[in-house]
Amino acid sequence: MRLKIHHRTRYSFTKAQLRLVQMLRLTPEDTDGQTVIDWRIDVDRDARLRQGRDGFGNRVTMLYADGPIDAIEIEVSGEVLTGQGDDGIVSGATEPFPPELYLRTTDRTLADDHLVAFLAPLMQSSDPLERLHGANRGLFRHITLDGDGPDDGRSAREAFDAATHAPRDAAHILIAGLRAMGVPARYVWGYRSVEGDALAVPHAWTEAHVAGRGWMAFDPSCGECAGSDHARVAIGLDSLTAAPVAGSRLGPGRERLAVDTGAEE
């Protein structure tokens, strides 16, 4: 599938900033399942951009901008050709760490007894892969999706009992439950086409490691494996360590965020 991506993020500040330093995890890489045809990052002001990788192997762009800055807009556009099937297999990606690292919990991926009790009956199969499918499908039936609004920082435990869920929440819940049961799992952010539309929007899902098979991608927002309608950009222990934009600013005041994905309303 040929996915088109147009993602614009605008940061404005109540008071002008003296300097911005941002890490942009906004660039996908080629894997066995996807090929980046075209990709560019544009910034609406003078800035220095430096390419590199973070500790998880994600491609990053470091952005340095000097003030005064009352607003900055970062625009991403490109096309990704996804050729993987719908079996969720992830191969050909940069892997600097062994799977065991992704058993490490974070504040956002801690499971409680309630979550473990929910997932345990769904993972009774003797087949390790089928256990993961069972957890993914069961969580999909449990959650109520409500778009992908700003990150409110809630944990998997808080999200599990919430009335509605963003894809970010669903990914955190599945990660927390799988890690509690000894399965390495990690957070993925990227893009997903909506109902077959070539224009993809930001999305989040989970990758779990299956012994003898490797990493496999599960999307609890649809109850299926992540396939050709997904474009993978960055991974991490949770949404913080895989955040599209992270960094620091020098200056007083508050920050406001607006995101435009180019999708039709």
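**Arg249, at 30% relative accessibility, counts as partly exposed.** The term belongs to a three-way scale in which buried means under 20% relative accessible area, exposed means over 50%, and partly exposed lies in between (1.4 Å probe, protein chains only). This is a predicted model, in which local features need pLDDT of at least 70 and side-chain atom pairs count only at pLDDT 80 or more, while totals for chains, interfaces and linings use all residues. Residues are numbered from 1 along each chain as its sequence is written, and side-chain values use heavy atoms, with hydrogens and water left out. The side chain of Arg249 meets that of Glu255 in a salt bridge, at 3.5 Å from N to O; such a bridge requires a side-chain nitrogen of Lys or Arg within 4 Å of a carboxyl oxygen of Asp or Glu. Glu255 counts as partly exposed because its relative accessibility is 40%. By the salt-bridge rule, the count for the structure comes to 17.

**A salt bridge joins Glu79 and Arg2.** The closest N and O atoms of these two residues are 3.0 Å apart. The pair links distant parts of the chain, since Glu79 belongs to strand β4 and Arg2 to strand β1 (residues 2–24), 77 residues apart. Strands (E, at least two residues) and helices (H or I, at least four) are DSSP runs, numbered from the N terminus. Arg2 has a relative accessible area of 44%, so it is partly exposed.

**Arg25 and Asp54 form a salt bridge between two loops.** The distance from N to O is 2.8 Å. Arg25 lies in the loop between β1 and β2 (34–43), whereas Asp54 is in the loop between β3 and β4, 29 residues apart, and the pair therefore links distant parts of the chain. Arg25 is buried, with a relative accessible area of 9%, and Asp54 is likewise counted as buried, at 13% relative accessibility.

**The side chain of Asn58 reaches the backbone oxygen of Ile235.** Asn58 is found in the loop between β3 and β4, and it counts as buried because its relative accessibility is 5%. The distance to the oxygen of Ile235 is 2.8 Å. Leaving aside neighbours within four places in sequence, Asn58 is in contact (heavy atoms within 4.5 Å) with several residues, among them Arg25, Gly52 and Arg53, as well as Val233, Ala234 and Ile235.

**Phe56 and Phe97 form an edge-to-face aromatic pair.** Their ring centres are 6.0 Å apart and their planes meet at 75°. Rings of Phe, Tyr and Trp (its six-membered ring) pair if their centres lie within 6.5 Å, with planes under 30 degrees apart counted as stacked, those over 60 as edge-to-face and the rest as tilted. Phe56 sits in the loop between β3 (48–53) and β4 (59–82), and Phe97 in the loop between β4 and α1 (113–119), so that the pair, 41 residues apart, links distant parts of the chain. Phe56 is counted as buried at 13% relative accessibility, while Phe97, at 33%, is counted as partly exposed. The structure holds six aromatic pairs.

**Tyr102 and Trp215 form an edge-to-face pair, and Arg186 lies over the face of Trp215.** The ring centres of Tyr102 and Trp215 are 5.4 Å apart, with 90° between the planes. Tyr102 is in the loop between β4 and α1, and Trp215 is in strand β7 (residues 214–219), 113 residues apart. Both residues are buried. Ring pairs link Tyr102 and Trp215 with Phe56 and Phe97 into a cluster. The charged end of Arg186 sits over the ring of Tyr102, 5.2 Å from its centre, and Arg186 is 3.8 Å from the ring centre of Trp215; a charge sits over a ring if NZ of Lys or CZ of Arg is within 6 Å of the ring centre and within 35 degrees of the ring normal. Arg186 is also linked with Glu95, Glu207 and Arg232 in a network of salt bridges.

**Strand β5 (residues 185–193) is mostly covered.** Eight of its nine residues are buried. Strand β5 runs antiparallel to strand β6 (residues 199–210), to which nine bridges join it; two strands pair if DSSP finds at least two bridges between them. In this pairing, Arg186 stands opposite Glu207 in β6. Strand β5 also pairs with strand β9 (residues 230–236), again in the antiparallel sense, over six bridges. The bridge partner of Trp189 in β9 is Ala234.

Methods:
A polar contact is a pair of N or O atoms within 3.5 Å; within protein, one must be able to donate a hydrogen and the other to accept it, and residues adjacent in sequence count only if both atoms are side-chain atoms.
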